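Visitor: I have a protein model open and would like to go through it step by step. Could you guide me?
Guide: Certainly; please put it up and begin wherever you wish.

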Amino acid sequence: MSKATLNTDTVHRVGFLDKASLHIPILRILQADGTTYETAVLPVIDETLATKIYDTCVFTRVLDERMLGAQRQGRISFYMTCTGEEAAIVGSVAALVQEDVILAQYREHAALRYRGFTTEQFMNQMFSNEKDLGKGRQMPIHYGSAALHYQTISSPLATQIPQATGVGYSLKMQGKRKVAVCYFGEGAASEGDFHAGLNMAAVLKCPVIFFCRNNGYAISTPTEEQFAGNGIASRGVGYGMHTIRVDGNDMLAVLAATQQARAYAIEHNAPVLIEAMTYRLGAHSSSDDPSGYRSKDEEAKWQQHDPVKRFKLWLINKGWLAEADDVKLHEKYREEVLAAVKVAEKIPVPMLDEIIEDVYDKPTPVLRKQLADLKEHIKKYPQAYPKSAGRL
């Protein structure tokens with residue numbers, strides 16, 4: 001093995017290392033009352049950026065509230081909220097440039113909104129109508145936008161991690177001085193793809209920011225039942241990459257860490273791991289009941305660390321936000337989302353022929369045969385497929 005990569009110090013007595021051997025501090029800048037710590041070094045931020053960040057947070061909260069309600073009404077089939085993790089997601093995406101490539105897991109729709117995804121585009125995807133960019137092929141919240149450099153989400157956990165390494169390597173080979181940013185939860189870090197992806201990125205020196213949202217649970221499994229090590233950050237050190245742990249409910253800390261991570265990744269063509277310690281205030285998904293695995297007292301405790309409220313207080317302290325304007329902003333988005341729901345749910349689903357498009361350059365004979373069989377099946381049982389029966 002190369003001496004360049006190994007510590008060659010020697011000892012002459014047995015002495016084991018354990019998880020306490022690596023001290024990993026947590027970066028905090030913003031306190032719960034909206035003031036900053038006395039010695040804190042703030043990120044690069046002005047009123048325009050701060051306003052855009054908060055606007056994104058408010059929209060996302062309203063979207064989550066409305067669409068979870070829509071799922072309960074049977075208007076959409078599935079939903080996942082970002083509630084409680086907004087600082088981790090919006091604070092990080094705000095540190096990027098528009099051309100940086102995002103590979104998300106499934107709770108990062110706030111990042112897509114920050115980049116300009118419209119309310120109508122969100123609705124079209126969730127209702128799988130003919131205006132959906134994904135042509136109605138994905139379940140709700142599996143967004144994607146080539147124009148916004150946001151790769152389409154897939155359900156299997158951690159598949160995006162080695163893919164992000166490939167994207168980062170491609171950006172490096174093209175000399176684009178851009179980064180790939182990969183979001184995932186601490187549960188996904190238990191998948192084999194996590195280890196393969198990080199190791200490849202470190203060895204091949206790919207400009208990738210691996211952003212772990214450690215929200216305490218992999219669906220219903222708490223972190224203490226997922227791993228025995230020192231969180232996820234210790235793994236980044238183990239793979240030889242720059243690593244930082246931040247308070248994931250602290251918008252300014254996340255922004256500062258990601259700004260510097262991006263600068264380092266581009267300057268050195270090397271990956272960085274950020275572990276954001278946060279908490280999922282809502283259920284894992286609309287199919288989940290968190291009361292079965294965590295207490296109301298625990299949830300109430302974390303409500304006190306609400307990242308949006310904390311950032312709001314900072315904005316008010318800066319004189320960049322007034323309570324009256326905040327109320328108007330919430331009302332504006334409630335009306336906008338509700339109106340968009342009513343429009344999107346009336347738009348028909350895509351024509352059935354589109355289901356085999358874009359799989360290959362030209363549909364193969366096998367796909368054409370499958371499509372023909374599907375059409376015959378729907379014609380035979382139209383009552384079972386009320387939306388598709390009229391789109392043959």
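Visitor: Let me begin with Cys57. Is that residue buried or exposed?
Guide: This is a predicted model, and in it Cys57 is buried, with a relative accessible area of 0%. The cut-off for a buried residue is under 20% relative accessible area, so Cys57 meets it.

Visitor: How many disulfides does the structure hold?
Guide: The structure holds 0 disulfides. Cys57 is accordingly in no disulfide, and the nearest cysteine sulfur, which belongs to Cys82, is 7.9 Å away. A disulfide requires two cysteine sulfur atoms within 2.5 Å, so the sulfur of Cys82 does not qualify as a partner for Cys57.

Visitor: And which cysteine sulfur is nearest to that of Cys206?
Guide: That is the sulfur of Cys182, at 12 Å, and Cys206 is in no disulfide. Cys206 counts as buried, at 0% relative accessibility.

Visitor: I should like to turn to the sheet. In what order do its strands lie?
Guide: The order is E1-E8-E9-E5-E4-E2-E3. These 7 strands form an open sheet with parallel pairing.

Visitor: Which are the edge strands?
Guide: They are strand E1, residues 26-27, and strand E3; each of them pairs on one side only.

Visitor: What does E1 pair with?
Guide: Strand E1 is joined to E8 by 2 bridges, and the two run parallel. Within that pairing, Ile26 stands opposite Arg245 of E8.

Visitor: And how many bridges join E8 to E9?
Guide: There are 6 bridges between strand E8, residues 242-247, and E9, again in parallel. His242 stands opposite Val272 in E9, and Val246 stands opposite Ala276 in E9.

Visitor: Which helix belongs with those two strands?
Guide: Helix H8, residues 251-268, makes a right-handed β-α-β unit together with E8 and E9.

Visitor: Is strand E9 mostly covered or mostly uncovered?
Guide: Strand E9, which spans residues 272-277, is mostly covered, as 5 of its 6 residues are buried. Strand E5, residues 208-214, also runs parallel to E9 and is joined to it by 6 bridges. In that pairing Arg213 stands opposite Ala276 of E9. Ala276 therefore has Arg213 in one pairing and Val246 in the other.

Visitor: What about E2 and E4?
Guide: Strand E2, residues 101-103, pairs with strand E4, residues 180-185, in the parallel sense over 3 bridges. Leu103 stands opposite Cys182 in E4. Cys182 is also the residue whose sulfur is nearest to that of Cys206.

Visitor: There is a glycine at 185. Where is Gly185 found?
Guide: Gly185 is found in strand E4 and counts as buried, at 7% relative accessibility. Leaving aside neighbours within four places in sequence, Gly185 is in contact with Gln105, Cys212 and Arg213. Its C-alpha atom is separated by 22 Å from that of His23, which is 162 residues away along the chain.

Visitor: Let me change to the helices. Why is H4 described as largely enclosed?
Guide: Helix H4 is largely enclosed by the rest of the structure because 6 of its 8 residues are buried. Those residues are Thr119, Phe122, Met123, Asn124, Gln125 and Met126.

Visitor: What covers them?
Guide: The cover includes helix H1, residues 47-72, helix H3, residues 109-115, and helix H11, residues 323-344.

Visitor: What follows H4?
Guide: Ser128 follows H4 and has a positive phi, near 50°. Ser128 is found in the loop between helix H4, residues 119-126, and strand E3, residues 150-151. At 17% relative accessibility, Ser128 counts as buried.

Visitor: And what does Ser128 touch?
Guide: Not counting residues up to four places away in sequence, Ser128 touches Gly136, Gln138, Val349 and Pro350.

Visitor: Finally, how is the chain divided?
Guide: The chain is divided into domain 1, residues 47-345, and domain 2, residues 352-384. The centres of the two domains, taken over C-alpha atoms, are separated by 35 Å.

Visitor: What does UniProt list for residues 55-350?
Guide: An unreviewed UniProt entry lists those residues as "domain: Dehydrogenase E1 component". In the model, the span 55-350 is 45% helix and 11% strand, and its end C-alpha atoms lie 32 Å apart.

How values were computed:
Residues are numbered from 1 along each chain as its sequence is written. This is a predicted model: local features need pLDDT of at least 70, side-chain atom pairs count only at pLDDT 80 or more; totals for chains, interfaces and linings use all residues. Side-chain values use heavy atoms; hydrogens and water are left out. Domain bounds come from an automatic or database domain assignment. Helices (H or I, at least four residues) and strands (E, at least two) are DSSP runs, numbered from the N terminus. Buried means under 20% relative accessible area, exposed over 50%, partly exposed in between (1.4 Å probe, protein chains only). Contact means heavy atoms within 4.5 Å. UniProt positions are given in the numbering used here, feature names are shortened, and annotations may be inferred rather than shown by experiment. A crossover is right-handed if, with the strands pointing away from the viewer, the path from the first strand over the helix to the second runs clockwise.
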